[in-house]
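Ready for some practice in reading a protein model? Take your time with each exercise, and try it yourself before you read the solution.

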Amino acid sequence: SLSNEDKACLRSVWKEIGPSWPEHCPDAIYRMFLSFPSTKTYFPNFDISPGSPQIQAHGRKVADALNKAVEHIDDMPAALSDLSDKHSQELRVDPVNFKLLKHTMLVTMAANYPEILTPEVLLSLDKLMEAVSRVLISRYR
Ligand code: HEM
C-alpha cells in the first residue's frame, strides 16, 4: 500500500503528469487492446483503431479518474465509490485485467515522461495503479 513517501511523491509528480495525462491516456488504452486482445471483450461496441473517438473519450475519462484518485489519495475508496460499483458489480471486469492496464499505463507514462520517471517515481506510480485497482475491484459479489 501507499506509504507517506509514496503519497508525497505522487502529489508532486502528478503536478507535472496530471495536466497532460488526458492526452496520453488513450494511448495506454489502445496499447492494452493491442497487447492483450482479450481485454477487448469488455468493449464490444468500441471502434478499436488508433485515434478512435471512443478510445479517445474513454482514455480521457480514465485520466480524470486518476486525477481524482491523486486528489483524494487519503480517501480513495470514498472518492472512487461509484467507479467501484461500476467495475465490480455492473461491468464485472476480471481483476487480472487491471494488471494489464496498469502495465500499459506505466509503459505509456515512461514513453511520454522519460525524465520524470526515475525508478523511485515509477515504483510510486505502480503502487498508485495498484491502489486504484484494488478499490475498483473491491465490491465483487
Ligand atoms: C468505464 C476508469 C480499469 C473496463 C470506465 C469509466 C472510468 C473508468 C472513469 C467511465 C465510467 C462512467 O462512464 O461512468 C477506470 C480506471 C481503471 C479502469 C481508473 C484502472 C485504473 C478498467 C479495466 C477494464 C475496464 C482493466 C477492462 C479491461 C471498462 C468498461 C467501461 C469502463 C468496459 C465502460 C466503457 C463504455 O462502455 O463506455 N472505467 N477503469 N476498466 N471501464 Fe474502466
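Four short exercises with worked solutions follow.

This is a predicted model, in which local features need pLDDT of at least 70 and side-chain atom pairs count only at pLDDT 80 or more, while totals for chains, interfaces and linings use all residues. Residues are numbered from 1 along each chain as its sequence is written, and side-chain values use heavy atoms, with hydrogens and water left out.

**Exercise 1. The shell around the ligand**

Find out which residues are closest to the ligand and which helix gives the most to its shell.

*Step 1.* Collect the residues with a heavy atom within 4 Å of the ligand. There are 19 residues around the ligand, and the closest are Tyr42, Phe43, Lys61, His87 and Phe98.

*Step 2.* Look at His87: an N or O atom of its side chain is 2.9 Å from a nitrogen atom of the ligand.

*Step 3.* Sort the shell by helix (a DSSP run of H or I with at least four residues, numbered from the N terminus). At least two residues each come from α3 (53-71), α5 (81-90), α6 (96-112) and α7 (119-136). The biggest share, four residues, comes from α3.

*Step 4.* Sort the shell by class, with Asp, Glu, Lys and Arg as charged, Ala, Val, Leu, Ile, Met, Phe, Trp, Tyr, Cys and Pro as nonpolar, and the others, Gly among them, as polar. The result is 14 nonpolar, three polar and two charged residues.

**Exercise 2. The nonpolar core**

Describe the largest nonpolar core and the helices that build it.

*Step 1.* Join buried Ala, Val, Leu, Ile, Met, Phe, Trp, Tyr and Cys residues through side-chain atoms within 4.5 Å. Here, buried means under 20% relative accessible area, exposed over 50%, and partly exposed in between (1.4 Å probe, protein chains only).

*Step 2.* The largest such core has 39 residues, and Trp21, Met76, Met105, Met109 and Leu125 have the most contacts inside it.

*Step 3.* Two or more residues each come from α1 (4-17), α2 (21-35), α3, α6 and α7. The top contributor is α7, with eight residues.

**Exercise 3. Buried or partly exposed?**

Classify Tyr113, His24 and Arg92.

*Step 1.* Tyr113, in the loop between α6 and α7, is buried because its relative accessibility is 5%.

*Step 2.* His24 belongs to α2 and is buried because its relative accessible area is 15%.

*Step 3.* Arg92, in the loop between α5 and α6, is partly exposed because its relative accessibility is 46%.

**Exercise 4. Far in sequence**

How far apart are Tyr113 and Trp21 in sequence and in space?

*Solution.* They are 92 residues apart in sequence and 9.9 Å apart in space, C-alpha to C-alpha.

Terms used
Polar contact = N/O pair within 3.5 Å; in protein donor to acceptor, adjacent residues only side chain to side chain.
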